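Please open the model in a viewer and set the display to show side chains. The tour below proceeds from one selection to the next.

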Amino acid sequence: MIAQLPLALELREGHDLDNFHAGPNGLALATVQAAAEGEERQALIWAQPGQGRSHLLEGAVRRARARGRQACLLPASELLPLVPQVLESMEQFDLLALDDVDRFAGQRAWEEALFHLYNRVMARAGALLFSASAAPGALGWSLPDLATRLAAGPVIRLQPLSEDDLAALLAERAHERGLKLNGEVARYMVMRSERTPAALLARLATLDRIALARQRALTIPFIKDVFGW
């Protein structure tokens with residue numbers, strides 16, 4: 001019987017590995033895919049917020065489930081209001097993806113719970129994926145053995161996408177939504193917006209909603225009007 005968390009952990013619509021625009025991050029994507037399919041035991045993906053690390057972990061959980069494996073996403077933001085004992089028996093999953101694991105750094109009880117969970121997962125031949133805002137050695141863990149374990153598998157930094165990659169990402173995700181977004185308009189958005197995938201896709205979601213309400217095409221004048229650019 002798989003342990004049940006006392007909270008609803010829903011994967012966000014649209015976050016899967018097939019639509020992750022890798023750009024220079026092909027190694028990160030391949031490593032996460034391998035973990036999802038049982039070919040990699042652990043990995044830690046780090047980057048500043050908005051670069052796609054949560055997308056990768058959520059996509060890995062989806063891919064694992066599609067392969068018939070038991071997989072669970074564990075976001076730190078949803079675990080921290082609880083008690084560390086919530087991690088007991090979680091090693092029953094084939095794949096655990098702990099998002100924003102750095103948020104547990106400096107909290108001794110959580111660090112010890114993570115340390116013991118790691119050991120139990122490895123003993124059962126399960127797989128662990130972690131995301132963080134920095135490499136394990138730079139996170140200020142009070143339990144050195146936990147930092148060592150987090151660094152035991154591949155540790156990969158996500159590189160920022162180029163302007164061309166960001167424009168391509170916008171065009172791809174607009175197409176998924178049934179929107180027409182030409183290259184000129186996509187590049188305009190990249191030049192004016194915050195240059196992270198998360199920020200740009202949030203703006204695309206806003207445009208989708210407003211364009212539908214106003215029955216407008218995605219043109220530069222329309223985008224200027226919506227965002228006050």
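A residue counts as buried under 20% relative accessible area, as exposed over 50%, and as partly exposed in between (1.4 Å probe, protein chains only). The model is predicted, so local features need pLDDT of at least 70 and side-chain atom pairs pLDDT 80 or more, while totals for chains, interfaces and linings use all residues. Residues are numbered from 1 along each chain as its sequence is written, and side-chain values use heavy atoms, without hydrogens or water.

Select Phe104 and Trp110: both are buried. Rings of Phe, Tyr and Trp (its six-membered ring) pair if their centres lie within 6.5 Å; planes under 30 degrees apart are stacked, over 60 edge-to-face, and the rest tilted. This rule yields three aromatic pairs. Phe104 and Trp110 form a tilted pair, because their ring centres are 5.0 Å apart and their planes lie at 35°.

Next, select Phe227 and Trp229, a tilted pair with 4.9 Å between centres and 35° between planes. Add Tyr188, which ring pairs link with Phe227 and Trp229 into a cluster. Then show Arg203, whose charged end sits over the ring of Phe227, 4.6 Å from its centre (the criterion is NZ of Lys or CZ of Arg within 6 Å of the ring centre and within 35 degrees of the ring normal).

Finally, select Asp102, which is buried, with a relative accessible area of 18%. Outside its neighbours within four places in sequence, Asp102 is in contact (heavy atoms within 4.5 Å) with residues including Arg53, Leu139 and Trp141. Ser133 is also among these contacts.
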